[in-house]
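Trainee: Please pick one part of this structure and take me through it closely. I would like a connected account rather than a list.

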Amino acid sequence: MKLQRKNGLRATALGALAVSGALVLTACGSDNNAPEGSPTKSSAATSAVCKDAKGQLLASGSSAQKNAMDLWVKNYMATCTGVEVNYKSSSSGEGIVAFNQGTVGFAGSDSALKPEEVADSKKVCTGGQGINLPMVGGPIAIGYHLEGVDSLVLDAPTLAKIFDSKIKSWDDAAIKALNPDAKLPKKPIQAFHRSEDSGTTQNLGKYLGATATSDWKYEAEKKWPAPGGQAASGSSGVATQVKQVDGAIGYFELSYATSQQISTVKIDTGASAPVEATSENASKAIAAAKIKGTGKDLALGLDYTTKADGAYPIVLVTYEIACDKGNKPETLATVKSFLTYTAGADGQKLLSEAGYAPIPAEINAKVRETVASLS
């Protein structure tokens, strides 16, 4: 990714904070907080989103959506007064555990609930179960730090060998073949991965398993499966290591790359040109997703093998996990209120401005309908 583009994306993401007050007014605005001299809003929109929301709402999970969640929480709390939303950015695995222990109102996970996790959720969702609500999309960027190399192309087999410690030097023949014009140094590759159970890890594993079948023999699980490499906590931890270490490579959501000005790998998918990790390119891949969940569960099936021009294949969708029935009475109204905002037009608009990809409109409409039906 070129530095100029990264600076622009970073400025846009940060700028979203500056305009957030204006954006949220459309979703849940009121006469009282309309800027002086601007058209006043009726209280109808406020009632639709903020109605009955009160007190404190605890949530935790995916660090992939942290930067989006920060914006959402800031906007929502600015308008829905009297409500405090605390989202603990940890990992998808920890979020699901907390949800199934009944300590949070909802959880964020970059992978849909497994059957055994759904079974566990029935203990806290009285008369119901946990369901997956796709809320945030985006690319998993492959970030790297290699002095003197401003542009880098990798394909799935080469990426698999790097993360499996089979390719250990930046001047390896496979990397040279994909980057004939780059001055690749004879320098050890230092590959970083997540230390804790992570949906981001699992989605990267799904991509490698689908596209590098001869070179990636591991099951797509939340726990990092391959030997070697170095571990860091959270997407922020991996990004920090890549930023600091010359010769490093790692994986994390695009927002971490843009905010820290980390170069990202273009992926050779077999399309007419290597594909850059951008929100727009991720959206092209996510748009082909199909709902594979049943009932009110909206888990998606992603096509990691796409060769469509401009479609970035290493993507994830973060789900907000809530009970379809049996949510705690003291937090139900606030869960519905907050998720109504995040799934709404303005909540989704913030995603592209912060380096994420909005959920496709047809799927998002079903998310809003399902959120309204939570009980």
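Mentor: What follows is a close look at helix α14 and its surroundings, with a few other spots afterwards. Keep in mind that this is a predicted model.

Start with the setting. The protein has 14 helices and 13 strands. It has 375 residues, and 56% of them count as buried. Take the contacts between residues at least 6 apart in sequence: 75% of these join residues at least 24 apart.

Now helix α14 itself. It runs over residues 361–373. That gives 13 residues, with 19 Å from the first C-alpha to the last. The span expected at 1.5 Å a residue is 18 Å, so the value for α14 is close to it.

Which residues of α14 are buried? They are Ile363, Asn364, Val367, Thr370 and Val371. Around the axis they cover an arc of only 120°, which puts them on the same side of α14. The other side of the helix has exposed residues: Ala361, Glu362, Glu369 and Ala372. So one side of α14 carries the buried residues, and the exposed ones sit on the other.

What do the buried residues pack against? Their partners are three strands and two helices. The strands are β4 (130–145), β11 (290–291) and β12 (300–301). The helices are α12 and α13, the latter covering residues 345–353.

Take α12 first. It spans residues 329–343. Its axis and that of α14 come within 9 Å and cross at roughly 170°. Angles over 145 degrees count as roughly antiparallel, and α12 and α14 are therefore roughly antiparallel to each other. From α12, the contact uses Lys336, Leu339, Thr340 and Ala343. From α14, it uses Asn364, Val367, Arg368, Val371 and Ala372. By class, that makes five nonpolar, two polar and two charged residues. Three names in this contact recur from the buried list of α14: Asn364, Val367 and Val371. Ala372 also takes part in the contact, although it is among the exposed residues.

Helix α12 also meets α13. Here the axes come within 4 Å and cross at roughly 55°. The two helices are therefore oblique to each other. On the α12 side, the contact is made by Tyr341, Thr342 and Ala343. On the α13 side, it is made by Ala345, Asp346, Gly347, Gln348 and Leu350. The classes here are four nonpolar, three polar and one charged. Ala343 of α12 appears in this contact and in the one with α14.

Look next at Gly347, which lies in helix α13. Buried or exposed? Gly347 is buried, at a relative accessible area of 0%. Setting aside residues up to four places away in sequence, it touches Trp72, Tyr341 and Thr342. Both Tyr341 and Thr342 belong to α12. Gly347 also lies 9.5 Å from Met135, C-alpha to C-alpha, although the two are 212 residues apart in sequence.

Now go to the loop that leads into α12. Lys325 lies there, between β13 (315–323) and α12. It counts as partly exposed, at 44% relative accessibility. Beyond its neighbours within four places in sequence, Lys325 is in contact with Cys125, Thr126, Gly127, Gly128, Gln129 and Ser375. Take Gln129: it is 196 residues from Lys325 in sequence, yet 6.6 Å away from C-alpha to C-alpha.

Strand β4 turns up again at another helix, α9 (residues 234–244). The buried residues of α9 are Gly234, Ser235, Gly237, Val238, Ala239 and Val242. Their cover includes β4, β6 (190–194), α8 (199–211), β7 (230–232), β8 (248–253) and α10 (254–260).

Finally, check two backbone oddities. Most residues other than glycine have a negative phi. Asp52 has a positive phi of about 70°. It is found in the loop between α2 (44–50) and β1 (55–61), and it is exposed, with a relative accessible area of 54%. Ser165 has a positive phi of about 60°. Its place is the loop between α6 (156–163) and α7 (173–178). Ser165 counts as partly exposed, at 26% relative accessibility.

Note on methods:
Residues are numbered from 1 along each chain as its sequence is written. This is a predicted model: local features need pLDDT of at least 70, side-chain atom pairs count only at pLDDT 80 or more; totals for chains, interfaces and linings use all residues. Side-chain values use heavy atoms; hydrogens and water are left out. Axes are lines fitted to C-alpha atoms, for helices over the stretch in contact, and angles run from 0 to 180 degrees between N-to-C directions. Angles under 35 degrees count as roughly parallel, over 145 as roughly antiparallel, 65 to 115 as roughly perpendicular and the rest as oblique. Contact means heavy atoms within 4.5 Å. Ala, Val, Leu, Ile, Met, Phe, Trp, Tyr, Cys and Pro count as nonpolar, Asp, Glu, Lys and Arg as charged, and the others, Gly among them, as polar. Buried means under 20% relative accessible area, exposed over 50%, partly exposed in between (1.4 Å probe, protein chains only). The arc is that of the directions from the helix axis to the C-beta atoms.
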